[in-house]
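Dear colleague,

I am handing over a structure to you with this email, and I would be glad if you could open it beside the notes that come after it. Please take your time with the terms, as each is explained where it is used.

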Amino acid sequence: MPTLPWTVPNQARAGTEAQVMASRFEVRSLKDVPRFFLQSLSAWRQVKSAPGALGASLIAQPLKRTFYTLSAWEDRNALYAYARAEPHRSIMSGLRATMRDSTFTFWEVPVDRLPIDWTEAKRRLAEEAAKKPGS
């Protein structure tokens, strides 16, 4: 299982809160995995230089067609600015047709609790997925 470890693009200001986002993506078929993974690496490179990014990690489970992201941001505005910026914006719209399912969850933590543990992120993603209709 390829994992890109927690990377810290920008240092957090002590005593502040971080906006955390975790996501889970499942692609429709195994043939979509290489494209999704390569595009994920482009987004990964972008986050490493994104203003307001406090940390990020990625887990790829290619044989399960599943990818997880975990990131921390100075605030939601920094997160949304990253999501709207290129290449992330084009990547996400270009991959939409390959997606079988996606789940997102957001929460805040004091910056001294970074990096976030993957166990916590996956727990929150499972809770969010359980709220979806048909779950």
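The notes below go through the pocket, one helix, one glycine and the nonpolar cores.

Please keep in mind that this is a predicted model, in which local features need pLDDT of at least 70 and side-chain atom pairs count only at pLDDT 80 or more, while totals for chains, interfaces and linings use all residues. Residues are numbered from 1 along each chain as its sequence is written, and side-chain values use heavy atoms, with hydrogens and water left out.

The largest pocket has a volume of about 640 Å³. On a 1 Å grid over the protein atoms alone, a pocket is an open set of points where a 1.4 Å probe fits, with protein on both sides within 12 Å along at least five of seven lines, and lining residues have an atom within 4 Å of a point; the volume is the space filled by probe spheres set on the points, which are joined across faces, edges and corners. Of the 30 residues that line this pocket, Met21, Phe25, His88, Met92 and Phe104 are the closest to its centre.

His88 also appears in helix α3, where His88, Ile91 and Leu95 are buried (under 20% relative accessible area, with a 1.4 Å probe and protein chains only). These three residues lie on the same side of α3, because they cover an arc of only 65° around the axis, the arc being that of the directions from the helix axis to the C-beta atoms. Helices (H or I, at least four residues) and strands (E, at least two) are DSSP runs, numbered from the N terminus. The cover over the buried residues of α3 includes α1, α2 and β5.

Gly55 is found in strand β3 and is buried, with a relative accessible area of 0%. Leaving out residues up to four places away in sequence, Gly55 touches Trp6, Thr7, Val8, Pro9, Leu70, Ser71 and Ala72, where contact means heavy atoms within 4.5 Å.

A nonpolar core is a set of buried Ala, Val, Leu, Ile, Met, Phe, Trp, Tyr and Cys residues joined through side-chain atoms within 4.5 Å. In the largest one, which has 21 residues, Phe36, Val47, Trp73 and Tyr82 touch the most other members, and α1 gives the most to this core, with 5 residues. Apart from it lies another core of 16 residues, including Ala22, Leu54, Ala72 and Ala121.

With best wishes

Note on methods. Buried < 20%, exposed > 50% of the residue type's maximum accessible area, 1.4 Å probe, protein only.
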